[in-house]
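Subject: Handing over the structure

Hi,

Here is the structure I promised to pass on. Have a look at it first, and then read on for what turned up.

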Amino acid sequence: MLTLEAVRLAQSQIGPRVHRTPVHTSGYLDRRTGAQVFCKAESFQRGGSFKVRGAMNVLSSLDLGSRQQGVVAFSSGNHAQGVAIAAAEFGIPATIVMPEDAPCAKIRATQSYGAQIRFYNRQTEDREALAQQIAARQGSLLIPPYDDPRIMVGQGTCALEFLEQVPELDALVVPLGGGGLLSGCALVAKALNPTMRLYGVEPETGNDYFLSLQKGERVWIPLPNTLADGIRTTCPGQHTFPVIQRYVDEVVLVSDADILRAMQLLLTRMKLVIEPTGAVGIAALLAQKIVLPRQRIGVILSGGNVDAEILTLALNAPNEN
């Protein structure tokens, strides 16, 4: 399933149900980085993030009987919204397991799409085990946020679309949490252009992939404390890790301060409202964690679902832009 052809098939299936998101550029950003930077704004996707791509790909493959049984997902917000939107599209009941401290904007949005929410405590409960229990009790399909080939292939449509819009990229920079987006995009990018460099970006405290790639096996870390709530993962995925290990050239780390400065630049210079997770790629470029002078760099801005309090922090961050 993990092939360019599978991603092309997913694109044909979900294309009418998702948005073709725009690519933005900024002369100021180019001057700051010494490169030509192209930003694919998945903040303009349905549900405000790329996550609806994978969810729509899974649900579009279900037969009528499976759809009637409903679906269950666990997520801090964006996957929750993606599954809720896709479920509503196909008339499928959806239950979402969300942390009590998920951003209010993401909770409200998920509820607005008609999904039922079951809250859990990040510190004391296992979200995946809880979701499995609910799915077993209801006879529903469990849709993981990233560690599923159908999800990975669906997220890969983001890169396929990006490279149709900007065909000649030297590098692609992607936020890295569980790895669904990066693995899917890496499959596409390396198949279309084997010389393209692939970068994943994690928060400094959420460095499970960084450590795992160094060790050559999946490493567990404590629950990270970071503003980037969409990539607070503790271990690479079983399916995503081998793909990233094979295709991704480097994983770099950014601080929360780097992320806030990137959000500020995106808002003030490019008029883009981007959540912390979505801004990590730009943070890596501004902090010179990725330096590619005179190269054409694609950056995926993975989402724009940000609470007002975090946006205020970004606007008040020390201005280095």
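Before the details, one definition: two strands count as paired if DSSP finds at least two bridges between them. Val71 and Ala94 in β4, for instance, stand opposite each other. Also keep in mind that this is a predicted model.

**The four-stranded sheet**

Let's begin with the open sheet of four strands, whose order is β5-β4-β3-β6, with parallel pairing. At its edges are β5 (116–120) and β6 (141–143), each of which pairs on one side only. On average, neighbouring strands here are turned by 25° against each other, ignoring direction. As general background, strands of a sheet pair through backbone hydrogen bonds, either parallel or antiparallel.

If you'd like to go through it pair by pair, start with β3 and β4, which run parallel and are joined by four bridges. Together with helix α5 (residues 78–90), β3 and β4 make a right-handed β-α-β unit.

Next come β4 and β5, parallel again, with five bridges between them. Two places to look at: Thr95 is opposite Gln116 in β5, and Pro99 is opposite Tyr120 in β5. To get from β4 to β5 the chain goes through helix α6 (residues 104–112), and this β-α-β crossover is right-handed.

On the other side, strand β3 (residues 71–74) is joined to β6 by three bridges, and the two run parallel. Ala73 has Ile143 as its bridge partner in β6.

And which helix lies across these strands? That's α7 (residues 127–138), which lies across β3, β4 (94–99), β5 and β6 and runs at about 175° to β3.

**Inside the sheet: β4 and Ala73**

Is β4 largely enclosed or not? Six of its six residues are buried, so β4 is largely enclosed by the rest of the structure. Ala94, Ile96 and Met98 point one way from β4, while Thr95, Val97 and Pro99 point the other way, and all are buried.

Ala73 is worth a click too. You'll find it in strand β3, and with a relative accessibility of 0% Ala73 counts as buried. Leaving out residues up to four places away in sequence, Ala73 touches His79, Val83, Thr95, Ile96, Val97, Leu142 and Ile143. Cys104 is 31 residues from Ala73 along the chain, and their C-alpha atoms are separated by 18 Å.

**A buried lysine**

Now for Lys40, which lies in strand β2 (residues 36–41). Buried or exposed? Lys40 is buried: its relative accessible area is 0%, and the cut-off for buried is under 20%. If you set aside residues up to four places away in sequence, Lys40 touches Thr21, Pro22, Val23, Arg53, Cys158, Glu161, Phe162, Gln165, Val299, Ile300 and Leu301.

**Two helix pairs**

One of the residues that Lys40 touches, Arg53, comes up again in the first pair. Helix α1 (residues 4–14) and helix α3 (residues 51–60) have axes that come within 10 Å and cross at roughly 85°. That makes α1 roughly perpendicular to α3. On the α1 side the contact is made by Ala10, Gln13 and Ile14, and on the α3 side by Arg53, Met56, Asn57 and Ser60. Sorted by type, the residues of this contact are three nonpolar, three polar and one charged.

The second pair is helix α12 (residues 256–270) with helix α14 (residues 308–315), whose axes come within 8 Å and cross at roughly 90°. Therefore α12 and α14 are roughly perpendicular to each other. From α12 the contact takes in Leu260, Met263, Gln264, Leu267 and Thr268, and from α14 Ile310, Leu311, Leu313, Ala314 and Leu315. What kinds of residues make up this contact of α12 with α14? Eight are nonpolar, two are polar and none is charged.

**One more strand pair**

Last stop: strand β8 (residues 197–203) and β9, which run parallel and are joined by five bridges. Here Val201 is opposite Val252 in β9. Four of the five residues of strand β9 (residues 250–254) are buried, so β9 is largely enclosed by the rest of the structure.

Have fun looking around!

Cheers

How values were computed. Residues are numbered from 1 along each chain as its sequence is written. This is a predicted model: local features need pLDDT of at least 70, side-chain atom pairs count only at pLDDT 80 or more; totals for chains, interfaces and linings use all residues. Side-chain values use heavy atoms; hydrogens and water are left out. Buried means under 20% relative accessible area, exposed over 50%, partly exposed in between (1.4 Å probe, protein chains only). Axes are lines fitted to C-alpha atoms, for helices over the stretch in contact, and angles run from 0 to 180 degrees between N-to-C directions. Angles under 35 degrees count as roughly parallel, over 145 as roughly antiparallel, 65 to 115 as roughly perpendicular and the rest as oblique. Contact means heavy atoms within 4.5 Å. Ala, Val, Leu, Ile, Met, Phe, Trp, Tyr, Cys and Pro count as nonpolar, Asp, Glu, Lys and Arg as charged, and the others, Gly among them, as polar. A crossover is right-handed if, with the strands pointing away from the viewer, the path from the first strand over the helix to the second runs clockwise.
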